[in-house]
Amino acid sequence: MEDSTKNEPGVKDISDKVDKLDISADEDINSFLTDFELINSPQPPDSKKNWSVIYNPKVKKRVEVDLVHTLLHESIVCCVRFSADGKFLATGCNRSAQIYDVKTGEKTCVLIDSGCNPQEDLYIRSVCFSPDGKYLATGSEDRQIKLWDIATKSIHRVFNGHQKDIYSIAFSNDGRLLVSGSGDKTTRVWDMETGSHKVFEPREPQAADEETDSGVTSVAISPDSKLVAAGSLDTNVRIWDVGTGNFLEKLSGHDDMVYSIAFTPDGSGLVSGSLDHTLKYWDITSLGTGKHRVLDFKRHSDFVLSVAVSHDGKWIVSGSKDRGVHFWDRETAAVLLRVQGHKNSVITVDMSPQGDLLATGSGDWEARIWSYTHARSTGS
């Protein structure tokens with residue numbers, strides 16, 4: 001099996017931190033388990049993988065998790081994303097994107113650029129459905145955003161402009177805009193009708209001898225399409241006004257690279273995950289003031305690689321190099337449970353915008369779909 005990540009040309013070399021995501025985390029996990037109640041969860045008949053849920057005994061059990069599908073891939077799963085109607089899941093890996101029927105787990109579509117050299121690696125770092133479900137956008141190491149027509153399995157449009165690898169893309173809820181982030185330190189907002197785009201860059205001056213790299217690892221656009229946010233290698237999250245292009249604020253507080261961000265469904269908050277092992281929730285209702293309520297989420301034993309927020313805004317989910325998936329209470333920052341099952345780093349997570357489903361992707365060459373439900377009242 002190949003390494004769960006690879007060197008990322010065009011972005012500050014972070015191989016010392018991320019290239020070896022398959023290092024055993026057993027020692028850290030054992031320490032983590034001392035405070036938790038291990039519950040061996042039943043396996044569906046078609047699964048040969050062991051998995052378990054670890055509940056926090058210090059909080060009331062509020063969520064139960066079950067494995068729905070295990071989706072085997074031919075390489076590392078770099079990204080997972082649900083469609084807006086929650087019926088399909090897209091994944092990105094080496095040289096291809098796949099689409100699965102969420103209900104049956106069947107693969108319905110494979111998208112491969114015939115113009116790419118099949119002998120060379122080309123990891124698709126991010127995927128995103130258009131809100132109407134007709135198109136899938138992909139961002140990858142070739143510095144292009146490809147918009148695929150799902151029905152014909154062909155490239156409908158290509159957006160060029162980024163100078164380095166593309167790590168994150170996101171559609172606005174109305175489908176008019178597509179946001180992208182790249183190792184070239186820019187965040188770009190593309191107009192789907194005209195193909196034109198705006199370029200957002202860090203505004204603060206940087207000393208000539210400063211080694212900080214503000215390459216963009218993750219982007220998100222607010223539910224009302226008015227704000228765009230970018231998480232960066234320089235530990236910060238930056239926010240701009242989409243309409244005016246004005247830079248609004250830099251959110252600082254993480255001690256290491258920010259690898260993933262997500263808006264809450266009501267747009268009042270932003271969640272960030274970092275290689276400092278923590279998540280943060282930022283109340284952004286007072287942008288521009290520099291004063292925000294910030295919650296810290298601390299229970300991962302290694303890098304936080306991906307974050308997502310449930311459709312009702314109650315839960316935050318995170319995936320980590322420690323191979324675990326954590327469920328958090330958004331209001332209190334309490335960790336509710338930990339899901340164990342992947343045999344390598346959990347690189348990517350997403351939560352269905354329509355139902356109580358969670359998707360995860362890992363360096364173990366698997367994506368999984370999980371269900372989560374409100375726990376039965378047991379008094380525990």
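How much area does the protein expose, and what share of it do carbon and sulfur atoms supply? Show the surface of this predicted model to get started: about 16200 Å² is exposed, with 45% of that coming from carbon and sulfur atoms.

Now switch to cartoon. You'll see two helices and 30 strands. Of the 380 residues in the protein, 58% are buried. Turn on contacts too, if you like: among those with a separation of 6 or more, 49% link residues 24 or more positions apart.

**Stop one: β2.** Select residues 52–55, which form strand β2. Show the side chains and look along the strand. S52 and I54 point one way, V53 and Y55 point the other way, and all of them are buried. That fits the usual pattern: in a regular strand, side chains alternate between the two faces of the sheet.

**Stop two: the partner strand.** Add residues 335–340, strand β27. β2 and β27 run antiparallel to each other and are paired over four bridges. To pick out one of these, click Y55: its bridge partner in β27 is L337.

**Stop three: N56.** Step along to N56, in the loop between β2 and β3 (63–72). Is N56 buried or exposed? Its relative accessible area is 8%, so N56 counts as buried, the cut-off being under 20%.

Next, draw two distances from the N56 side chain. One goes to the backbone nitrogen of K58, at 3.0 Å. The other goes to the backbone oxygen of V335, at 2.9 Å. Keep β27 on screen for that second one, since V335 belongs to the residue range 335–340 of that strand.

Conventions: Residues numbered from 1 in each chain as written. Predicted model: local features only at pLDDT ≥ 70, side-chain atom pairs only at ≥ 80, totals over all residues. Heavy atoms only, no water. Buried < 20%, exposed > 50% of the residue type's maximum accessible area, 1.4 Å probe, protein only. Pairing = 2+ DSSP bridges. Contact = heavy atoms within 4.5 Å. Areas by Shrake-Rupley, 256 points an atom, 1.4 Å probe, with all protein chains shown as cover. Polar contact = N/O pair within 3.5 Å; in protein donor to acceptor, adjacent residues only side chain to side chain.
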